[in-house]
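Reader: I'm at home at the bench, but less so with models. Could you walk me through this one?

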Amino acid sequence: MVMKQALETKFLAVYDTHADAIFRHCYFRVYDRERAKELMQEAFTKTWEYLANGKNIDNIRAFVYRTANNLIIDQSRKKKEASVEALDEAGALAPVPSMIPEAVDASLLLNQLADVEESYREVVYMRYVDDLSPKEIAEILNEPVNVISVRIHRGVKKLRELTNSKFTII
């Protein structure tokens with residue numbers, strides 16, 4: 001009983017720490033606030049069930065992202081366009097400040113990111129908005145770290161071309 005309470009406490013701390021980021025990740029994949037909430041909740045529910053069944057998770061952050069990613073893939077692939085203003089009103093627009101220099105308009109980058117090929121867009125978003133490391137992204141997507149690093153590099157290069165900018169993303 002004490003062990004389960006400790007597990008519950010640890011899980012709740014993980015939820016408090018990562019729920020907003022998982023929501024944003026889901027939102028930018030499905031562009032539907034309510035569906036993103038459902039996906040986020042379902043990802044945490046599945047994670048809890050996994051832990052409650054006595055299974056161990058080495059990197060819980062990557063596990064929750066992978067679970068959310070799998071849920072997104074499983075759902076209908078219908079995509080709806082969303083304006084940056086709508087995203088901002090929904091509270092989903094919160095890029096990591098240290099990732100985008102002040103001189104670059106974050107809303108312009110997010111608008112232009114929609115025009116980048118999906119495989120690049122996904123990893124650039126995960127790297128610079130979700131603030132995940134290439135290693136964590138590789139775990140989530142079940143791809144080699146080198147492949148993820150190349151996709152990030154190519155995605156940023158494409159974003160620079162689309163914005164006709166020479167900005168540097170840290």
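Author: Sure, starting with confidence. The mean pLDDT of the protein chain is 79, and 76% of its residues reach 70 or more; pLDDT is the predictor's confidence in each residue, from 0 to 100. This is a predicted model, in which local features need pLDDT of at least 70 and side-chain atom pairs count only at pLDDT 80 or more, while totals for chains, interfaces and linings use all residues. Residues are numbered from 1 along each chain as its sequence is written, and side-chain values use heavy atoms, with hydrogens and water left out.

Reader: Which elements have the lowest and the highest mean pLDDT?

Author: Helices here are DSSP runs (H or I, at least four residues), numbered from the N terminus. Helix 4 (residues 84-89) has the lowest mean pLDDT, 53, and helix 2 the highest, 93. Two stretches stay under 50: residues 77-84, with nine contacts beyond four places in sequence, and residues 93-104, with 22 such contacts. A contact means heavy atoms within 4.5 Å.

Reader: How do I read the length of helix 1?

Author: Compare its span with the expected one, which is 1.5 Å times one less than the number of residues. Helix 1 (residues 2-30) has 29 residues and reaches 39 Å from first C-alpha to last, close to the expected 42 Å.

Reader: Where is the kink in helix 1 centred?

Author: A bend at a residue is the angle between axes fitted to the seven residues ending there and the seven starting there. In helix 1 the kink is about 50° and is centred on His-18. Just after helix 1 comes Tyr-31, with a positive phi near 55°.

Reader: What about charge pairs? How many salt bridges are there?

Author: Side chains of opposite charge can pair when their charged atoms come close. The cut-off here is a side-chain nitrogen of Lys or Arg within 4 Å of a carboxyl oxygen of Asp or Glu. A search of the whole structure finds seven salt bridges. One of them joins Lys-37 and Glu-34 at 3.8 Å, N to O. These two are about one helical turn apart, because they sit three residues from each other in helix 2 (residues 33-52). Arg-35 and Glu-38 make another, at 3.0 Å, and they too are three residues apart in helix 2.

Reader: Are Lys-37 and Glu-34 buried or exposed?

Author: Buried means under 20% relative accessible area, exposed means over 50%, and partly exposed is in between (1.4 Å probe, protein chains only). Lys-37, at 33%, is partly exposed, and so is Glu-34, at 46%.

Reader: And which salt bridge links distant parts of the chain?

Author: Look at Arg-61 and Glu-136, whose side chains meet at 3.4 Å, N to O. The pair links helix 3 (residues 60-74) to helix 7 (residues 134-141), 75 residues apart. Both Arg-61 and Glu-136 are buried. Elsewhere, salt bridges with shared partners join Arg-29, Glu-118, Arg-121 and Glu-122 into one network.

Reader: How many residues are in the largest nonpolar core?

Author: A nonpolar core is a set of buried Ala, Val, Leu, Ile, Met, Phe, Trp, Tyr and Cys residues joined through side-chain atoms within 4.5 Å. The largest one has 44 residues, and Ile-22, Phe-44 and Ile-137 have the most contacts inside it. Helix 1 gives the most to this core, with ten residues. Leaving out residues up to four places away in sequence, Phe-44 touches Phe-11, Val-14, Tyr-15, His-18, Ala-19, Ile-22 and Val-64. His-18, you'll recall, is the centre of the kink in helix 1.
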